[in-house]
Amino acid sequence: MDTATVAHFEASRDRLASIAYRLLGSAADAEDTVQDAFLRWQSADRSYVEVPEAWLTKIVTNLALDRLRSAKARHERAVGTWMPEPLLDGDPMLGPADTVEQRESVTLAVLAMMERLSPVERAVYVLHEAFAYRHAEIADILDLTVSASQQHLHRARTRITVARNNTGTDQRSARRIVEAFVDAASSGRTERLIALLTDDATGISDGFGGLSAKLIRYSNPRRLARAVQAGFTPTPAKRRLAGGAPSIHAAVVNGCPAIVFTVEDRVLGVAILEIRDDKIAETHSIAAPHRLIRFAEHWHRSEHDAPLIESW
């Protein structure tokens, strides 16, 4: 393959990875999907490819759908152990963030809600809402009629319901929100923490150290607050398991305020706070190392504000 052909693919890599990530909710699977697309591009007769960007988009989208339909993916999602992988602000895999729809489509809440959709509904939603593809273009990518694409989008929008005031978080506002949350969680006063939550706040976690066999769900604000308080109570056993006394940082992750726990150069975990009506509506706490590989790589390469707590 000549240099120009490789360069053409590389120019599209970030956009293709962003499409795959939104469809799959997994950075690792998105990277594998894009690499599979590169192999297809490498072996294709490009004299028949009129618009390379459209051809590559179709290949990546359909490879991602094949992954979603695979027996392995269906099993992982059915047994209650799957959750989206977080991405640090500035990661090119997050893709476009110019519109509300684009920012929403990459939040962990929406990535999790997309589990309610069929693979085709998911693809139509992502291509239309996050990448502004017209229904005629989507119909060509997915081998649908235009009316079928429109129907799939309508069903997807019906199933994905989000409040549109939780996007566009910057580092300063994230730090303010995280600092209030950490202070309340560390205070020992349950009501103070509940006051920061919406009346229907919920949480999901893969356990301390990511060791839970199944995801742990907290179905109401009081249960969530008690779990958070227990998590923010330092003990010698927790420090031994963590390998030291963690530092606590504020960050922006998938467009939302987030708490990042580190020990020296290791990322121990991330807690993402989904905001609605200026309160915390949902938390995603992720500590399993395999879910944090890409996040940790970008964390190590980026600059950070001073930690909120130097040694917990």
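How many Å should the 17 residues of helix 2 span, and how far apart are its end C-alpha atoms? Select residues 27-43: at 1.5 Å a residue (the expected span being 1.5 Å times one less than the number of residues), helix 2 should span 24 Å, and its end C-alpha atoms are 25 Å apart, which agrees. Helices here are DSSP runs of H or I with at least four residues, numbered from the N terminus.

This is a predicted model, in which local features need pLDDT of at least 70 and side-chain atom pairs count only at pLDDT 80 or more, while totals for chains, interfaces and linings use all residues. Residues are numbered from 1 along each chain as its sequence is written, and side-chain values use heavy atoms, with hydrogens and water left out.

Next, select Asp 36 in helix 2 and Arg 67 in helix 3, which lie 31 residues apart and form a salt bridge whose closest N and O atoms are 3.6 Å apart. A salt bridge here is a side-chain nitrogen of Lys or Arg within 4 Å of a carboxyl oxygen of Asp or Glu. Adding Asp 29 to the selection shows a network of salt bridges that links Asp 29, Asp 36 and Arg 67.

Then move to Lys 58 and Asp 143, a salt bridge with its closest N and O atoms 3.4 Å apart. Asp 143 lies in the loop between helix 8 (135-142) and helix 9 (146-159) and Lys 58 in helix 3, so the pair ties together parts that are 85 residues apart in sequence.

Finish at Glu 115 and Arg 122, where a further salt bridge has its closest N and O atoms 2.9 Å apart.

Key: Helices (H or I, at least four residues) and strands (E, at least two) are DSSP runs, numbered from the N terminus.
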